[in-house]
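The following paragraphs guide the reader through a structure, beginning with the surroundings of its ligand and ending with a pair of helices.

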Amino acid sequence: MLNVSNLSASYGAIRAVKGISLKVGQGSLCVVLGSNGAGKSTTLRSIAGLHRPVEGSITLQDREISRLKIHQVVRHGLALVPEGRMVVAPLTVEENLDLSGFAGRGSDRSDRERVYELFPRLKERRQQKAGLLSGGEQQMLAIGRALMTQPQVLVLDEPSMGLAPSIVDLVFDAIVALHKQGQSILLVEQNAAIALSVCDYGYVMRRGEIVVEGTAEMLRESPEVMKAYLS
Ligand code: ATP
């Protein structure tokens, strides 16, 4: 499904991502772990068309997407839920969803209903301005917006960031529900415990490189995983 091969990305002279390769198979939930500055967000931004990689190939369903602009990447079926959520504050929940639907591949009412089924709180607050939602509700809206584009691969950057533990659980319950529905997902997380409790396969990044990869079970038992978090 999504295939990243030998991807490198820089900010001027700083090489943030150094030749990494990863895959997200059809219907699988993959996670990228790593400490601050490991290069996780840069990897996702490069995959989503927000940052032009220096080298490497990114294919979605065998189509090269690494040179496309972000709206083209969305139309090809990849949606990013960015770090910090980025909802449109003056618009209502429903307007945020519909706006995103336009950018995607032709959403309809059933897409909105699917989002409301996943997050009943958004349905209750559908006429509320997004800027007035709590942090957790904004995260739900950010995920809902990405779903409105009918993504083949849903990419999430640190969905637990800044949320209370009970809200993190709600957000991860939704991620697990989507996975069960067959949604392919790539997730970046600093919270290794929660990420490894839900994913099928994981990659650990350190200083721009993937230092360990394996099934969730292998990573949970790996001393290397702990080590990777110390740098
Ligand atoms: P975090 O969890 O803190 O977001 P991360 O693993 O997502 O970390 P990145 O944000 O990808 O890491 O950063 C990787 C490296 O690139 C870091 O050394 C960071 O300082 C650098 N970097 C990130 N964004 C920029 C930027 N806009 N300009 C210059 N350097 C940057």
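In sorting residues by character, Ala, Val, Leu, Ile, Met, Phe, Trp, Tyr, Cys and Pro count as nonpolar, Asp, Glu, Lys and Arg count as charged, and the others, Gly among them, count as polar. The model examined here is a predicted one. By that sorting, the shell around its ligand consists of 7 polar, 3 nonpolar and 3 charged residues.

This shell holds 13 residues, of which Asn-36, Gly-37, Lys-40, Ser-41 and Thr-42 are the closest to the ligand. Helix H1, spanning residues 40–47, supplies 3 residues, the largest share of the shell.

Particular atoms can then be considered. At Ser-41, a backbone N or O atom lies 2.7 Å from an oxygen atom of the ligand. Two side chains may be added to this picture: an N or O atom in the side chain of Glu-158 is 3.1 Å from a ligand oxygen atom, and a distance of 3.1 Å also separates an N or O atom in the side chain of Gln-190 from an oxygen atom of the ligand. The ligand, taken alone, exposes 630 Å², and the protein buries 61% of that area.

Attention may now turn to the helices. How do the axes of helix H6 (residues 135–147) and helix H7 (residues 165–180) cross? They come within 9 Å of each other and cross at roughly 15°. Because angles under 35 degrees count as roughly parallel, H6 is described as roughly parallel to H7. The crossing in which H6 passes H7 is right-handed.

Technical notes: Residues numbered from 1 in each chain as written. Predicted model: local features only at pLDDT ≥ 70, side-chain atom pairs only at ≥ 80, totals over all residues. Heavy atoms only, no water. Near = heavy atom within 4 Å. Polar contact = N/O pair within 3.5 Å; in protein donor to acceptor, adjacent residues only side chain to side chain. Areas by Shrake-Rupley, 256 points an atom, 1.4 Å probe, with all protein chains shown as cover. Helix = DSSP H or I, 4+ residues; strand = E, 2+ residues; numbered from the N terminus. Axes fitted to C-alpha atoms, helices over the stretch in contact; angles between N-to-C directions. Parallel < 35°, antiparallel > 145°, perpendicular 65-115°, else oblique. Left-handed = near helix turned anticlockwise from the far one by under 90°.
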